[in-house]
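Reader: I would like a close look at one part of this model, namely the place where the ligand sits. Please take me through it carefully, beginning with how the parts of the chain meet.

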Amino acid sequence: MDKIVILTGAGISAESGLGTFRDAGGIWTQHRLEDVATPEGFARDPALVHGFYNARRAQAARARPNAAHRALARLQAGWRGEVVIVTQNVDALHEAGGATGVLHMHGMLSGALCAACDHRWPAPMEMFPGTPCPACGALRARPDVVWFGEMPRHMDAIMDHLDSAGLFVAIGTSGQVWPAAGFVRDAAAGGARTLELNLAHSEISDAFDETREGPASRLVPAWVDEMLGS
Ligand code: APR
C-alpha cells in the first residue's frame, strides 16, 4: 500500500503570508464567517462578500509557495507510489510549488461561478455584484468556493483515496471543520498509518499514530527527505 494521501489546511500557507482562520488574529477574528462564507451572507450582502474574496484573491496573487509546498511536489515526483494532495485551501500555492492533481475540496479563489446557470470561468481579480455571467449574462456571479452549509467537492474520489491509502498525513489544519476533520479516522479504518504535522497540538492530534510539532516549512521538507531516503 504505497499510496500517500495528504490533507493540507491554512497552516501550510501561513509562512507564505496567507492568514489562517482560527489562530490568534486569524481571519475569523476579523470577519464573521456567517457574513462572508455562507450562502445566506452572500444573499444578504453580495458586495461585502465580493470585497472579502477580492482582498483574499489579491493577497493570494502576491503570495509565493514556501518550502513545504515545494517539498510535497518533490514527494510526488520521487515517491514510488501515488501521492494525492487534498487541500482545504482555496489558494493555488500547491500548484505554484509544482504539485499536480490537487483536489481542492473547498474550491479555489481563482474560479468564478454563476449562481444562475452554474457556468464556471476564471475569476477576474475583482468581482462585484454587477459582474455578469459570460454565459447567461445574469448578475449572479460568485466566488467558486465552498461556503459553510455547502457540499465540499471531490468527496467520492477523496473517500476512495482514503480507503486505499497506506499513509495519511495532515499538515497545518486545526481539524475543526468536517468532513476533513474525520479523514484521519476514515484512513485509519482503511488500514493507513497516520501522521500529523502542525505548529501546535490540534483538535485531532490524538487520533494520529504520530504527531510532529513545528512550522510546515521545516517539518515537511524534513519528512519528505525521510520518505525519499535522501
Ligand atoms: N506550520 C504548520 N502549521 C501551522 C502553521 C505553520 N507555520 N501556522 C499555523 N498552523 C496550524 C495551526 O496550528 C492550526 O492547526 O494551521 C492550523 C490552521 O487552522 P485553521 O485556521 O482552522 O485552518 P484550517 O484547518 O485550514 O480550516 C479549515 O475552515 O474556515 C474554514 O474553509 C475554511 O478551509 C478552511 C477550514
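Author: Between the two domains, 10 residues of domain 1 are in contact with 10 residues of domain 2, contact meaning heavy atoms within 4.5 Å. Domain 1 comprises 1-16 + 65-106 + 151-230 and domain 2 comprises 19-62 + 109-145, with bounds taken from an automatic or database domain assignment; their C-alpha centres lie 26 Å apart. This is a predicted model, in which local features need pLDDT of at least 70 and side-chain atom pairs count only at pLDDT 80 or more, while totals for chains, interfaces and linings use all residues. Residues are numbered from 1 along each chain as its sequence is written, and side-chain values use heavy atoms, with hydrogens and water left out.

The shell around the ligand draws at least three residues from each of domain 1 and domain 2. Of the 23 residues around the ligand (those with a heavy atom within 4 Å of it), Phe 21, Arg 22, Thr 173, Ser 174 and Asn 198 come nearest. By class, this shell has 10 nonpolar, 10 polar and 3 charged residues, where Asp, Glu, Lys and Arg count as charged, Ala, Val, Leu, Ile, Met, Phe, Trp, Tyr, Cys and Pro as nonpolar, and the others, Gly among them, as polar.

Polar contacts, which are pairs of N or O atoms within 3.5 Å, include one at 2.6 Å between a polar backbone atom of Phe 21 and an oxygen atom of the ligand. A polar side-chain atom of Asn 198 lies 2.7 Å from a ligand oxygen atom, and for a backbone N or O atom of Gln 88 the distance to an oxygen atom of the ligand is 3.1 Å. The protein buries 93% of the 740 Å² that the ligand exposes when taken alone, areas coming from the Shrake-Rupley method with a 1.4 Å probe.

Definitions and conventions: Polar contact = N/O pair within 3.5 Å; in protein donor to acceptor, adjacent residues only side chain to side chain.
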